Amino acid sequence: MGTQMDRFSASDDKTKILFFDCECANCKGGVGKICSLGYVLCDDKFNVIQKEDIVMNTESEFDWYLFSGKGDISLSYSREYFRSQGAFPEFYEKIKALFTENNPMVAGFAVGNDVGFVNSACSRYKLPFIEFQAFDVEKILSQFYGEKRKLKDWFSFFAYDDEGLQFHNSADDAHATMLCLKYFCRDNKKEVFEIFESHKDLFVSSQQMVEQARERDKKKRLKEKIERFHNRSNKNPTYTTVLNQNFELDSSMCRTPSDLERSLKLVHKIYENGGILRRHLRAGTENEKGGYVIFANETSEQAKSVVDKRFLFAITEKELLSILE
């Protein structure tokens with residue numbers, strides 16, 4: 001069976017395009033609890049074949065502002081209506097079929113978030129991940145026009161009437177996304193499958209989002225371990241090479257899990273050698289420097305300038321390791 005990426009030919013009239021969008025009750029703990037998944041299924045000329053909003057019970061609390069009338073996000077249904085619906089597992093097979101049967105092209109706006117929400121729902125209910133990839137309409141618009149906008153603002157940018165659409169209704173957001181791509185294609189005199197073919201890098205896969213979620217979790221765990229060393233003074237250090245010296249990790253030491261793993265080992269060595277890790281060093285004075293900021297590599301002129309203004313020392317990971325026992 002071919003994949004979605006194999007199906008770019010506009011001459012294949014069996015290939016449909018599925019635009020989708022999710023709304024969530026909350027994203028606490030980094031897990032989006034889907035309360036609606038809306039979609040529009042269309043052909044390569046953007047003729048709508050099917051449109052639906054799948055509303056579900058999140059079995060979780062809603063963020064307070066979603067029904068407060070404050071801010072720019074207001075859900076389309078009442079809290080009671082959401083709670084009266086079935087939970088995600090009841091819609092799992094239907095949603096899986098939408099994304100996989102007949103191998104449709106899938107698209108959305110800032111779609112990495114929505115792909116991640118589907119993954120989170122599967123993980124939360126211990127269901128198999130739905131393997132699919134989706135084209136990010138937000139990215140192609142921001143790349144082409146050189147600016148970032150919300151979906152509603154892009155919709156206004158193209159000067160359409162509101163088409164009777166209600167934003168933050170999942171099905172209508174999917175419809176608005178379809179219309180934005182439709183008129184982007186029109187303005188650029190391109191067929192939609194030409195756009196997909198020439199921008200393969202703008203597809204996001206469910207597997208990519210699984211890996212990103214794992215990386216985020218790993219980074220979170222490592223940061224929490226490093227946090228435990230903040231402001232801790234070792235009363236019985238094994239060595240005293242940096243006794244009572246204060247240190248701060250630059251952001252260059254915390255970008256990836258591998259950075260954080262090295263930083264954790266380094267922080268442990270600082271503790272063993274009598275040093276103290278601070279979350280943010282107090283500025284020193286011209287006569288008395290305030291401590292050391294640790295950089296992954298040689299510091300840039302900009303970084304040096306910031307450190308100098310705070311009357312701190314700059315030291316690289318390699319330089320510090322050469323001092324520590």
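This is a guided tour of a predicted model, moving from one sheet and its helices to the nonpolar cores and then to a second sheet.

**The six-stranded sheet**

Begin by selecting the open sheet of 6 strands, whose order is β3-β2-β1-β4-β5-β6 and whose pairing is mixed. At its edges you will find β3 (48-55) and β6 (203-205), each of which has a single partner strand, so one side of each is left without a neighbour in the sheet. If you look along the sheet, neighbouring strands are turned against each other by 30° on average, with direction ignored.

Next, select β4 together with strand β5 (residues 133-136); these two run parallel and are joined by 2 bridges. To locate the register between them, pick G108, whose bridge partner in β5 is D136. Now add α4, which packs on the sheet, touching β1, β4 and β5, and whose direction makes about 30° with that of β5.

**Helix α3 and its partner α8**

Turn to α3, which lies across β1, β2, β4, β5 and β6 and runs at about 70° to β1. Keep helix α3 (residues 111-124) displayed and add helix α8 (residues 206-227): the two pack with their axes 9 Å apart, at an angle of about 80°. Angles of 65 to 115 degrees count as roughly perpendicular, and α3 and α8 are therefore roughly perpendicular to each other.

Which residues in α3 and α8 meet? On the α3 side, select G112, V115, G116 and N119, which meet S206, M209 and V210 in α8. By type, the residues of this contact of α3 with α8 divide into 3 nonpolar, 4 polar and no charged.

**The nonpolar cores**

For the largest nonpolar core, which has 33 residues, start from F19, F135, L141, L181 and F196, since these touch the most other members. Elements that give two or more residues to this core include β1 (17-24), β2 (34-42), α5 (151-157) and α7 (192-198), while the largest share, 9 residues, comes from α6.

Centre the view on F19 and, leaving aside its neighbours within four places in sequence, display its contacts: among them are G38, Y39, V40, F46, A107, V137, A174, M178 and L181. A second, separate core of 28 residues can then be coloured differently, and L37, Y92, F117 and A121 are included in it.

**The four-stranded sheet**

Move now to the open sheet of 4 strands, in the order β8-β7-β9-β10, where the pairing is parallel. Here the edges are β8 (276-277) and β10 (313-316), each with a single partner strand, so that one side of each is left without a neighbour in the sheet. Strand β9 (residues 292-295) and β10 run parallel and are joined by 4 bridges; to see where they line up, select F295, which stands opposite T316 in β10.

Add helix α9 (residues 257-272), which lies across β7 (246-249), β8 and β9 and runs at about 175° to β7.

**A last stop at N273**

Finally, follow the loop between α9 and β8, where N273 is found. Is N273 buried or exposed? With a relative accessible area of 0%, N273 is buried, because buried means under 20% relative accessible area. To view what lies around this residue, and not counting residues up to four places away in sequence, display P237, Y239, T240, T241, V242, L243, L324 and E325, which N273 touches.

Technical notes: Residues are numbered from 1 along each chain as its sequence is written. This is a predicted model: local features need pLDDT of at least 70, side-chain atom pairs count only at pLDDT 80 or more; totals for chains, interfaces and linings use all residues. Side-chain values use heavy atoms; hydrogens and water are left out. Axes are lines fitted to C-alpha atoms, for helices over the stretch in contact, and angles run from 0 to 180 degrees between N-to-C directions. Angles under 35 degrees count as roughly parallel, over 145 as roughly antiparallel, 65 to 115 as roughly perpendicular and the rest as oblique. Contact means heavy atoms within 4.5 Å. Ala, Val, Leu, Ile, Met, Phe, Trp, Tyr, Cys and Pro count as nonpolar, Asp, Glu, Lys and Arg as charged, and the others, Gly among them, as polar. A nonpolar core is a set of buried Ala, Val, Leu, Ile, Met, Phe, Trp, Tyr and Cys residues joined through side-chain atoms within 4.5 Å. Buried means under 20% relative accessible area, exposed over 50%, partly exposed in between (1.4 Å probe, protein chains only). Two strands pair if DSSP finds at least two bridges between them.
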